[in-house]
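Please look through the sequence and the model shown below before reading on. The report that follows describes how some of the strands are arranged and what surrounds a few chosen residues.

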Amino acid sequence: MGVNSSIAYRELQANPFRPWAARITSITQLTDKERLFEFRLIDEVVRDAFDFEAGQFMELSIFGVGEAPISISSAPSKQGFIELCVRNSGTVTGALHEKQCGDIVGLRGPFGNGFPFEEMKGHDVLLVAGGLGIAPLKSLINHIHDERHEFGKVTILLGARNPGEILFHEEFKMWKHREDFDLIMTVDQPDDTWDGDVGLVTKLFDKIELDPKNTYGAICGPPVMYRYVIEEMRKKNLDVDHIFMSFERRMKCGIGMCGHCGVGHQYACIDGPVFSYWEAMNLQEAM
């Protein structure tokens with residue numbers, strides 16, 4: 001980043017409530033409810049300076065409608081664009097789903113912390129996702145993919161309600177056919193097209209072997225999933241400070257001022273959304 005760019009970026013960062021204009025450059029229909037949107041920040045200085053960590057989130061603005069927090073799905077190693085996987089489930093997300101390529105929205109962030117990517121280097125990684133939880137975890141998986149030589153064994157366990165709700169089919173095909181990625185998927189409600197595992201994602205732990213002292217775990221999915229996935233990880237003897245999870249709450253302001261995303265005595269927007277299990281054990285109502 002040049003000196004002028006750095007100064008301009010710091011000036012923009014000084015007002016965390018200011019959204020940056022971003023153009024929609026790609027829309028991919030993933031399921032009946034979810035679309036993957038690719039955005040390109042219009043200001044060249046901001047675009048060149050923008051950086052983030054896998055696990056962080058953005059506040060998406062639809063001007064005249066409102067804001068919604070959305071986890072980043074693209075990998076930090078891919079610069080120049082931002083991907084957000086968005087379920088059509090509310091006023092803001094519904095308005096976004098009505099947008100077309102070329103339309104302008106607002107983005108501010110990134111907010112929160114990310115998964116400990118540098119700390120994970122040199123170790124095996126177990127990634128467990130349920131449903132829409134694969135959206136933020138995709139950022140971490142593709143970041144690992146882009147620096148694959150820095151990691152040991154990579155295992156991905158994915159659960160979905162039914163085959164029609166599985167996101168990112170193309171990435172799954174790539175990961176499944178790579179010898180250095182071990183991907184296992186399961187669904188609760190199979191149909192005639194499904195020939196894979198059936199049941200909850202926790203059942204897949206019977207199929208994997210881990211080196212517990214050399215493995216980091218990352219979890220993202222519906223809140224009800226965490227307790228049972230952590231139980232399986234602890235049965236495999238993973239250390240409590242080697243297990244990380246994303247607690248997404250009502251992250252409204254993104255900077256710890258509105259108090260909507262309280263997790264115990266901390267806020268998901270500034271202390272999280274990624275917490276270690278060791279931290280989560282001391283947070284009331286975390287799980």
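## Strands and their surroundings

In this predicted model, 7 strands form an open sheet with mixed pairing, and their order is E10-E9-E8-E7-E11-E12-E15. Strand E10 (197–198) and strand E15 (274–276) stand at the edges of this sheet with a single partner strand each, so one side of each is left without a neighbour in the sheet.

### Strand E11 and its partners

Strand E11, which covers residues 215–220, is mostly covered, since 6 of its 6 residues are buried. This holds for both of its faces: Thr215, Gly217 and Ile219 lie on one side and Tyr216, Ala218 and Cys220 on the other, and all of these residues are buried.

Strand E11 runs parallel to strand E7 (residues 124–130), to which it is joined by 6 bridges, and within this pairing aspartate 124 stands opposite threonine 215 in E11. Strand E11 also runs parallel to strand E12 (residues 243–246), here with 3 bridges joining the two strands, and glycine 217 stands opposite isoleucine 243 in E12. Between these strands comes helix H7 (residues 223–235), and together E11, H7 and E12 make a right-handed β-α-β unit.

### Strand E9 and threonine 186

Elsewhere in the sheet, strand E8 (residues 154–160) and strand E9 run parallel and are joined by 6 bridges, with alanine 160 standing opposite valine 187 in E9. Strand E9 spans residues 182–187 and includes threonine 186.

Is threonine 186 buried or exposed? Its relative accessibility is 2%, and it therefore counts as buried. A polar atom of the side chain of threonine 186 lies 3.2 Å from the backbone oxygen of aspartate 197. If neighbours within four places in sequence are left aside, the residues in contact with threonine 186 include Leu158, Gly159 and Ala160, as well as Trp194, Asp197 and Val198.

### Strand E3, covered on both faces

Strand E3 (residues 57–62) has 6 of its 6 residues buried, so this strand is largely enclosed by the rest of the structure. On one side of E3 are Phe57, Glu59 and Ser61, on the other are Met58, Leu60 and Ile62, and all of them are buried.

Two strands pair with E3 in the antiparallel sense, namely E4 over 6 bridges and E6 over 4 bridges. In the hairpin of E3 and E4 there are 3 residues between the strands, and glycine 64 takes a positive phi near 85 degrees.

The table below gathers examples of residues that stand opposite each other in the antiparallel pairings described in this report.

| Strand pair | Bridges | Residue | Residue opposite |
|---|---|---|---|
| E3 and E4 | 6 bridges | Isoleucine 62 | Glycine 66 in E4 |
| E3 and E6 | 4 bridges | Serine 61 | Glycine 106 in E6 |
| E2 and E5 | 6 bridges | Phenylalanine 39 | Isoleucine 82 in E5 |

The last pair in the table brings in strand E2 (residues 34–41) and strand E5 (residues 82–87), and E5 is also mostly covered, with 5 of its 6 residues buried.

### Glutamate 59, a buried charge

One residue of strand E3, glutamate 59, is worth a separate look. Which side chain of opposite charge is nearest to glutamate 59, and how many Å away is it? The nearest one is arginine 108, at 4.6 Å, and glutamate 59 is buried yet has no salt bridge. A salt bridge requires a side-chain nitrogen of Lys or Arg within 4 Å of a carboxyl oxygen of Asp or Glu, which is why a distance beyond that cut-off does not count.

Not counting residues up to four places away in sequence, glutamate 59 touches several parts of the chain, and among its contacts are Glu67, Ala68 and Pro69, then Gly106, Leu107 and Arg108, and also Met251, Lys252 and Cys253.

### Isoleucine 104 in strand E6

Isoleucine 104 has its place in strand E6, the strand of residues 104–111 that pairs with E3. With a relative accessibility of 30%, isoleucine 104 counts as partly exposed. Apart from residues up to four places away in sequence, isoleucine 104 touches Ala21, Ala22, Arg23, Ile42 and Phe63. Its C-alpha atom is separated by 9.5 Å from that of leucine 41, although the two residues are 63 residues apart along the chain.

Conventions
Residues numbered from 1 in each chain as written. Predicted model: local features only at pLDDT ≥ 70, side-chain atom pairs only at ≥ 80, totals over all residues. Heavy atoms only, no water. Buried < 20%, exposed > 50% of the residue type's maximum accessible area, 1.4 Å probe, protein only. Pairing = 2+ DSSP bridges. Lys, Arg positive; Asp, Glu negative; His and termini not counted. Contact = heavy atoms within 4.5 Å. Right-handed = clockwise from strand over helix to strand, strands pointing away. Polar contact = N/O pair within 3.5 Å; in protein donor to acceptor, adjacent residues only side chain to side chain.
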